[in-house]
Amino acid sequence: METRAEAIDAIRKLPAQLREIVQGLSVEQLTTAYNAPEWTIAQNIHHLADTHMVCIRRFKLILTSPRFQFTAYDVNAIAEYPDAKDADIELSLKLLEGLQARWAILLENLTEEEWGKIGIGSSPDRPDMSLEQLVFVYAQHGINHLRQIQDVLDKMPA
């Protein structure tokens with residue numbers, strides 16, 4: 001991904017790509033850790049919904065706050081709660097469809113000045129980042145989880 005437009009397109013397409021890759025899978029296939037200790041397919045999908053909700057909130061707070069500082073959270077702990085481990089993936093897929101569509105609209109309408117707005121890092125290993133940097137991070141985040149889901153599918157017994 002080299003351009004903002006490509007990153008926005010990746011964000012917009014993620015829900016459809018997720019639906020396609022999991023089409024026809026059973027609850028057992030979605031919730032079995034075929035690639036342990038990596039997450040199950042369901043955990044990956046719920047994680048995307050969780051983290052992308054956080055991200056769009058971060059974008060809006062960076063845009064509207066005089067100073068926004070990122071806060072860290074434990075994604076592995078969150079992935080162990082029932083709503084992220086055992087819940088119907090349809091809940092997160094529907095959430096992502098609306099969320100990603102709205103996020104793409106927001107991104108397509110940012111000014112050059114807004115693209116340069118900065119979120120303050122939460123620690124030395126989590127540096128300050130502009131909205132432009134963040135859009136590439138989260139576009140790639142979706143792609144990375146599609147790959148993780150494919151890795152799980154590749155480990156499933158035939």
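Helices here are DSSP runs of H or I with at least four residues, numbered from the N terminus. With that in hand, let's explore this predicted model together.

**Exercise 1. Place Gln150 and decide whether Gln150 counts as buried, partly exposed or exposed.**

Solution. Start with the element: Gln150 sits in helix α8. Next, recall the cut-offs: buried is under 20% relative accessible area, exposed is over 50%, and partly exposed lies in between. Gln150 has 33% relative accessibility, so Gln150 counts as partly exposed. Finally, look across to Pro37: the two residues are 113 apart in sequence, and their C-alpha atoms are 15 Å apart in space.

**Exercise 2. Find out which elements build the largest nonpolar core.**

Solution. First, the size: this core holds 39 residues. Leu18, Ile41, Ile45, Phe59, Trp103, Leu107 and Leu131 have the most contacts inside it. Two or more residues come from each of α1 (4-22), α3 (41-64), α6 (89-108) and α8 (131-155). The most come from α3, which gives ten. Now zoom in on Phe59: leaving out residues up to four places away in sequence, Phe59 touches Trp103, Leu106, Leu107, Leu131, Leu134 and Val135.

**Exercise 3. Describe the largest pocket and its lining.**

Solution. Begin with the space inside, about 410 Å³. Then turn to the 17 lining residues, of which Arg58, Tyr73, Arg126, Val137 and Tyr138 lie nearest the centre. The elements giving two or more residues to this lining are α3 and α8, and α8 gives the most, with four. Last, sort the lining by character: nine residues are nonpolar, five are polar and three are charged.

Notes
Residues numbered from 1 in each chain as written. Predicted model: local features only at pLDDT ≥ 70, side-chain atom pairs only at ≥ 80, totals over all residues. Heavy atoms only, no water. Core = buried A, V, L, I, M, F, W, Y, C linked by side-chain atoms within 4.5 Å. Buried < 20%, exposed > 50% of the residue type's maximum accessible area, 1.4 Å probe, protein only. Contact = heavy atoms within 4.5 Å. 1 Å grid on protein atoms, 1.4 Å probe; cavity = no way out; pocket = protein on both sides within 12 Å on 5 of 7 lines; lining within 4 Å. Points joined across faces, edges and corners; volume = space filled by probe spheres on them. Nonpolar A, V, L, I, M, F, W, Y, C, P; charged D, E, K, R; others polar.
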